[in-house]
Amino acid sequence: MASLNEEDELAMSTDELLQAQVELYHHCFAFVKSLALKAATDLRIPDAIHRRGGAATLSDLAAETGIHPTKLSNLRRLMRVLTTSGVFSVVDDSAGVVYRLTRVSHLLVGAGGRPNLSPVVGAFVSRSFVAALFSMHEGFTNERAAAMSLYEVAHGSTIWETTVTGRGSEIFNAAMAADSRFTMDNLLREECGGSIFGAVKGSLVDVGGGHGAAASAIASAFPHVKCTVLDLPHVVAGAPAHDNVTFVAGDMFDYIPPADVVLLKWILHDWNDQDCVKILRRCKEAIPTRDEGGKVIVIDMVVVGSGESQGIVSTETEVLLDGFMMCMDGIEREEHEWRKIFVESGFTDYKIGTTMGIRRLIELYP
Ligand SMILES: C[S@@+](CC[C@H](N)C(=O)[O-])C[C@H]1O[C@@H](n2cnc3c(N)ncnc32)[C@H](O)[C@@H]1O
């Protein structure tokens with residue numbers, strides 16, 4: 001968007017001023033899109049459309065979701081928000097209004113054995129994260145708050161302490177498991193991802209591996225790879241049993257179990273540079289030399305920015321996710337920022353490979 005100097009601003013016509021007001025309100029109400037998506041996911045509208053063979057009328061949706069009869073017109077309004085934002089599509093012809101899934105809402109159904117990403121919506125569009133982002137002003141200006149993550153400012157504990165017990169922890173760990181199933185499913189199906197994990201000599205430790213979804217996918221695809229998950233004791237205690245994964249409770253800042261390969265999926269973006277260096281030094285201690293097959297695999301975003309040839313949705317997603325990461329004092333990094341951390345942790349070489357949607361697979365060599 002073009003910038004304005006003071007003279008241009010004073011010279012704006014009434015039409016321009018009113019159009020600027022429209023744009024301002026557009027920004028104010030953007031959060032309605034996220035919350036409408038959350039409501040639709042909670043109401044299981046994607047499943048309802050899927051159960052009706054991929055096309056459902058408003059009364060089908062009302063019947064399937066059990067909404068209160070007086071709320072039919074609100075359901076229509078909710079669907080209008082979501083068809084406008086591309087989550088669903090709508091056909092309005094002589095036969096009436098029919099809603100269908102788009103490629104976005106297909107991901108919330110999990111049809112055909114594909115992992116279902118609904119839990120991710122519940123975790124990311126949650127009261128606890130929204131409350132954390134409401135603390136942004138305090139976090140910028142208050143001396144005490146400036147030393148904490150926004151999550152701590154809002155809730156009095158870090159996100160990792162909060163995921164100790166209760167519904168919040170279930171929601172977060174289920175979301176991470178859904179993301180891992182989906183990501184690994186796609187990665188292992190592709191030649192490049194499959195060859196990287198297939199080449200692991202004998203063992204892999206998934207550091208911060210949550211409930212073991214990624215490790216289990218790797219062990220199922222490559223039974224010769226002995227997979228271990230390291231995570232905090234309360235996370236490991238709540239993990240479901242996987243017969244091909246060993247769980248180790250611990251703190252990655254203290255000790256990482258030895259393995260040929262360490263996997264760090266969506267870990268480093270949670271931490272500042274100094275903490276990333278500490279984690280990576282522990283990883284380096286856990287693996288053998290490069291000649292013996294030692295490496296760290298990082299799955300995380302490499303920020304490209306608006307100057308590169310990527311669409312507006314990808315650029316905005318990069319920026320929005322980076323803003324979201326302020327919740328836990330995390331950061332999304334550009335390549336030069338990654339390189340600095342890798343070098344400081346004592347790694348000699350790295351290779352940024354396969355793009356997987358918003359993330360990349362980085363191979364890091366000791
Ligand atoms: C964003 S989640 C990523 C989970 C998983 N790697 C994935 O992508 O699905 C971060 C994980 O790091 C774990 N974690 C946080 N602090 C940790 C620590 N000090 N030691 C080990 N794991 C930790 C959390 O419990 C959580 O499972």
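Student: How many disulfides does the structure hold?
Tutor: This is a predicted model. A disulfide needs two cysteine sulfur atoms within 2.5 Å. The count of disulfides here is 0.

Student: Why does Cys227 form no bond with the closest cysteine sulfur?
Tutor: Cys227 is buried, at a relative accessible area of 1%. Its closest cysteine sulfur belongs to Cys283. That is too far for a bond, because the distance is 15 Å.

Student: Which cysteine has the sulfur closest to that of Cys327, and is Cys327 buried or exposed?
Tutor: Buried means under 20% relative accessible area. Cys327 has 0% relative accessibility, so it counts as buried. Its sulfur is 17 Å from the closest cysteine sulfur, too far for a bond. That closest sulfur is in Cys276.

Student: Where does the ligand sit?
Tutor: The shell around the ligand has 17 residues. Ser180, Gly208, Asp231, Asp251 and Lys265 come nearest. The site is the second largest pocket.

Student: Which residue places a polar backbone atom 2.9 Å from a nitrogen atom of the ligand?
Tutor: Two other contacts go to ligand oxygen atoms. Ser180 uses a polar side-chain atom, at 2.8 Å. Met176 uses a backbone N or O atom, at 3.1 Å. The contact to the ligand nitrogen comes from Met252.

Student: How much of the ligand's accessible area does the protein cover?
Tutor: On its own, the ligand has 600 Å² of accessible area. The protein covers 96%.

Student: How many residues of the shell around the ligand are nonpolar?
Tutor: The shell includes 4 polar residues. Another 4 are charged. The nonpolar residues number 9.

Conventions
Residues are numbered from 1 along each chain as its sequence is written. This is a predicted model: local features need pLDDT of at least 70, side-chain atom pairs count only at pLDDT 80 or more; totals for chains, interfaces and linings use all residues. Side-chain values use heavy atoms; hydrogens and water are left out. Buried means under 20% relative accessible area, exposed over 50%, partly exposed in between (1.4 Å probe, protein chains only). A residue is near a molecule or strand if one of its heavy atoms lies within 4 Å of it. A polar contact is a pair of N or O atoms within 3.5 Å; within protein, one must be able to donate a hydrogen and the other to accept it, and residues adjacent in sequence count only if both atoms are side-chain atoms. Accessible areas come from the Shrake-Rupley method with a 1.4 Å probe; for residues, only the protein chains shown count as cover. On a 1 Å grid over the protein atoms alone, a cavity is a set of points where a 1.4 Å probe fits but cannot get out, and a pocket is an open set with protein on both sides within 12 Å along at least five of seven lines; lining residues have an atom within 4 Å of a point. A molecule sits in a cavity or pocket if more than half of its atoms lie within 2 Å of its grid points. Ala, Val, Leu, Ile, Met, Phe, Trp, Tyr, Cys and Pro count as nonpolar, Asp, Glu, Lys and Arg as charged, and the others, Gly among them, as polar.
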